Amino acid sequence: MELQGTVKKISEVQSFASGFQKREMVILTQEQYPQPINIEFLQDKINLLDSVSEGENVKVGINIRGREWVSPQGETKYFNSITGWRIEKVMDNNSAEPTHAAPSQSASPASSNANPFEEEDDDLPF
């Protein structure tokens, strides 16, 4: 999934005793009723936020995560989080500049955005 909007706030890195790190960014969506959406970047993805600044227009690749928690009283509650894994700067002329974590193997820039499930020589009629 993707969200697009203007960067409203970028937080500092939060480090925990376990070694876990996260950094949050709030984007303001660009629609009739703009929404401030908080997006978490975890572990090696926190560095993606170094290349963007508040006020810039971005497109963010996200995953939505859900958790179930049972209170000591036995009441079950559900929580959701939005986790970012890619950022593209969106220019005024609708072009985008991708910002990715470094790939594990070298790839050309054109192939890094390609769908890995899509074959080049597909003989299917649809």
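Once its neighbours within four places in sequence are set aside, E24 still touches quite a list of residues: K9, I10, S11, Q14, N38, I39, E40 and L49. This comes from a predicted model, and E24 makes a handy way into it. The residue sits in strand 3, which spans residues 21-29. With a relative accessible area of 19%, E24 counts as buried, because the cut-off for that label is anything under 20%. Its side chain also has a polar partner in the same neighbourhood of the sequence, as a polar contact of 3.3 Å links the side chains of E24 and K22.

K9, one of the residues in contact with E24, turns up again in the strand pairing. The bridge partner of K9 in strand 3 is V26. That pair belongs with the antiparallel arrangement of strand 1 and strand 3, which are joined by 5 bridges. Strand 1, covering residues 2-10, also pairs with strand 5, covering residues 57-70; here too the strands run antiparallel, and 5 bridges hold the pairing. On that side, G5 faces V58 of strand 5. So much for strand 1: strand 3 is one of its partners, and strand 5 is another.

Moving along the chain, Q43 falls in the loop that leads from strand 4 (36-42) to strand 5. Q43 is partly exposed, because its relative accessible area of 37% lies between the 20% and 50% limits. Beyond its neighbours within four places in sequence, Q43 is in contact with G19, F20 and Q21. As for G19, 24 residues separate it from Q43 along the chain, while their C-alpha atoms are 9.0 Å apart. Q21, another of the Q43 contacts, falls within the residue range of strand 3 (residues 21-29).

Stepping back to the whole chain, the secondary structure amounts to 7 strands and 1 helix. Read from the N terminus, the strands come first and the helix closes the order, β-β-β-β-β-β-β-α. Of the 126 residues, 26% are buried, and E24 is one of the buried residues. The accessible surface adds up to about 9300 Å², with carbon and sulfur atoms contributing 49% of it. Finally, for contacts between residues at least 6 apart in sequence, 47% connect residues at least 24 apart.

Definitions and conventions:
Residues are numbered from 1 along each chain as its sequence is written. This is a predicted model: local features need pLDDT of at least 70, side-chain atom pairs count only at pLDDT 80 or more; totals for chains, interfaces and linings use all residues. Side-chain values use heavy atoms; hydrogens and water are left out. Helices (H or I, at least four residues) and strands (E, at least two) are DSSP runs, numbered from the N terminus. Buried means under 20% relative accessible area, exposed over 50%, partly exposed in between (1.4 Å probe, protein chains only). A polar contact is a pair of N or O atoms within 3.5 Å; within protein, one must be able to donate a hydrogen and the other to accept it, and residues adjacent in sequence count only if both atoms are side-chain atoms. Contact means heavy atoms within 4.5 Å. Two strands pair if DSSP finds at least two bridges between them. Accessible areas come from the Shrake-Rupley method with a 1.4 Å probe; for residues, only the protein chains shown count as cover.
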